[in-house]
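Biologist: I am new to this structure and would like a close look at a single part, followed by whatever helps to place that part in its surroundings.

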Amino acid sequence: MAEMENSKDLISVLWSGADILRSKMDANEYKNYLLGIIFYKYLSDSFLIKVYDMICDDKPQTLKEALDVYVKELESEDGEELKQGMKEECHYVIEPELTYTYFADAARNNSFNREQLQKAFNNIEQSDPIFADLFADIDLYSNRLGTGDQKQSDTVASLIKEIDKADLLNSDAEILGNAYEYLIGQFASETGKKAGEFYTPQAVSKILTRIAIAGQEEKQGLSVYDPCMGSGSLLLNAKKYAKYSQYIKYYGQELNTSTYNLARMNMFLHGIPAENQNLRNGDTLDGDWPTDEETDFNMVLMNPPYSAKWTAAAGFLQDERFSDYGVLAPKSKADYAFLLHGLYHLKNNGTMAIVLPHGVLFRGAAEGKIREKLLRSGNIYAVIGLPANLFYNTSIPTCIIVLKKHRDGRDVLFIDASKKFDKGKKQNEMTDVHINEVIELYSKRETVEKESFLASFEEIEKNDFNLNIPRYVDNFEKEEEIDLNDLLSEMKKTDDELEKTQGEFLSLLRDLTSTDDAIMKSLDELIAKMEG
């Protein structure tokens, strides 16, 4: 409960930083400032806490205390040794006058200059390749922050003061990570259409992850791969369900550079060590990755852009990811190109879960051929229909396709979860109750009336390899038949009651006496009308 409270307090403080920028730019821009500066505070605070622990073997009461101890130690003969030790531990070193604690004091004393923060960003980026260009999206010299040097510095100073109210000293990685995830979700909600680029709603992430990790929860050294990782929230779900989460290796690729930077920050904020992160900024379909060392994974999770365009160049028919299928996903719809890329990188005993629009279940031509080959090979394990309007960037209904590399059977489990949601103001929402119902149906893997259907390969073949869910799960609710005799007697009863009530009302009116002729005349007319 206390953790929930801490998380809520942290969220409200961090979110209030957005108010400072909201009138100056749209959410898609100010998210970079807010999330970047929060991240710098996280790097600086964790650095000072570790420095204090290294020197005093304890936790500081305040960050100011940690900074003072740090300054003192740097002046001693052990100063260089401390910096060397910190570089090995954290991959970066922050000079005292570039710590967030120092900046926050300067901001409160009106002596903050954004050039110092720019210098701090540059130092982090140059300290290790894992931080390269991490703050590239934060333009501290933008006219959006105000006109002229002073106003721009003042806006950044206000933001620094606001975010300094967040107590990261007493928040563990999980609380901070959750608060960061919440903010990313809030930006997704505010930016609407653009949000699909960086965020998968938590409910969908949970279903995908729980399905892909099923049976592998106790694996030590679990590897998880998302070739369209957005802000990394889908990848990070794996640690919630794995027994040895500290050993998970994360592999992710993202095309949009700003979103890629967000994912890297998100990883660190969730306490993922640098050596367990393998993230890349690149085009997933254009060139295969990863191609050296680890190339196949225990879990593949994907929420790619729906029906995106791609080159579908003839050369891809020689690409190992696609060559077995004889045809390529059409130029106008890369859905199957993403799916086959993910399947190619799946371990033989792993599980892949991908979200795609329903069209992939029944469209013909090249897509039909690819689907048939997947079904003949037993790769498609389950198809789950999700409710409409779950995502920020599209209202179209989507489905989850679960794939396996090698298995004995070729049957397919169909689940219709399209009605499992609560209506929200902007989006529909799946609660944990809905999620658990889906997971239970998936685990049972049997036919449940109106909810799921386990289809044999022969049935699917008879349907010409069409996987449209209503062909297999009939969720039609038949309306109750109406008994006409009952209905007529109900109507007669209602008429009798109306007549009786009207009669009582008229006799009451007749009993009324009044000396006012005008009123009596009006009443007589009303009675005559009602009787007539």
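Biologist: What should the 13 residues of helix α12 span at 1.5 Å a residue, and how far apart are its end C-alpha atoms?

Modeller: A word on the source comes before the helix: this is a predicted model, in which local features need pLDDT of at least 70 and side-chain atom pairs count only at pLDDT 80 or more, while totals for chains, interfaces and linings use all residues. Residues are numbered from 1 along each chain as its sequence is written, and side-chain values use heavy atoms, with hydrogens and water left out.

Helix α12 covers residues 257-269, and at 1.5 Å a residue it should span 18 Å, which agrees with its end C-alpha atoms being 18 Å apart; the expected span is 1.5 Å times one less than the number of residues. Helices here are DSSP runs of H or I with at least four residues, strands are runs of E with at least two, and both are numbered from the N terminus. Because 11 of its 13 residues are buried, α12 is largely enclosed by the rest of the structure, where buried means under 20% relative accessible area, exposed means over 50%, and partly exposed lies in between, with a 1.4 Å probe and protein chains only. Among the buried residues are Thr259, Tyr260, Asn261, Arg264 and Phe268. At the N-terminal end, Asn256 caps α12, with a side-chain oxygen 2.9 Å from the backbone nitrogen of Ser258. After α12 comes Gly271, whose phi is positive, near 75°.

Elsewhere, some loops hold backbone features of their own. Most residues other than glycine have a negative phi, and most peptide bonds are trans. Ala312, in the loop between β4 and α13 (335-344), has a positive phi near 50°. Asn389, in the loop between β6 (380-385) and β7 (398-403), likewise has a positive phi, near 60°, and at 21% relative accessibility Asn389 counts as partly exposed. The peptide bond from Trp289 to Pro290 is cis, with omega near -5°, and Pro290 is found in the loop between β3 (277-281) and β4 (297-302).

Charged side chains make further links, and a search of the whole structure finds 23 salt bridges, each being a side-chain nitrogen of Lys or Arg within 4 Å of a carboxyl oxygen of Asp or Glu. One of them joins Asp164 to Lys41, with the closest N and O atoms 3.5 Å apart. This pair links distant parts of the chain, since Asp164 is in the loop between α7 (148-163) and α8 (173-191) while Lys41 is in helix α2 (residues 27-56), 123 residues apart. Asp164 is partly exposed at 21% relative accessible area, whereas Lys41, at 2%, counts as buried. Both also belong to a network of salt bridges that links Lys41, Asp45, Asp105, Arg108 and Asp164.

Another salt bridge joins Arg445 and Asp411, whose closest N and O atoms are 3.1 Å apart. Arg445 lies in the loop between α15 (432-444) and β9 (452-455) and Asp411 in the loop between β7 and β8 (412-416), so the pair ties together parts that are 34 residues apart in sequence. In a further pair, the side chains of Asp68 and Lys64 meet in a salt bridge at 3.2 Å, N to O; being 4 residues apart in helix α3 (residues 63-75), Asp68 and Lys64 are separated by about one helical turn.

Notes:
Polar contact = N/O pair within 3.5 Å; in protein donor to acceptor, adjacent residues only side chain to side chain.
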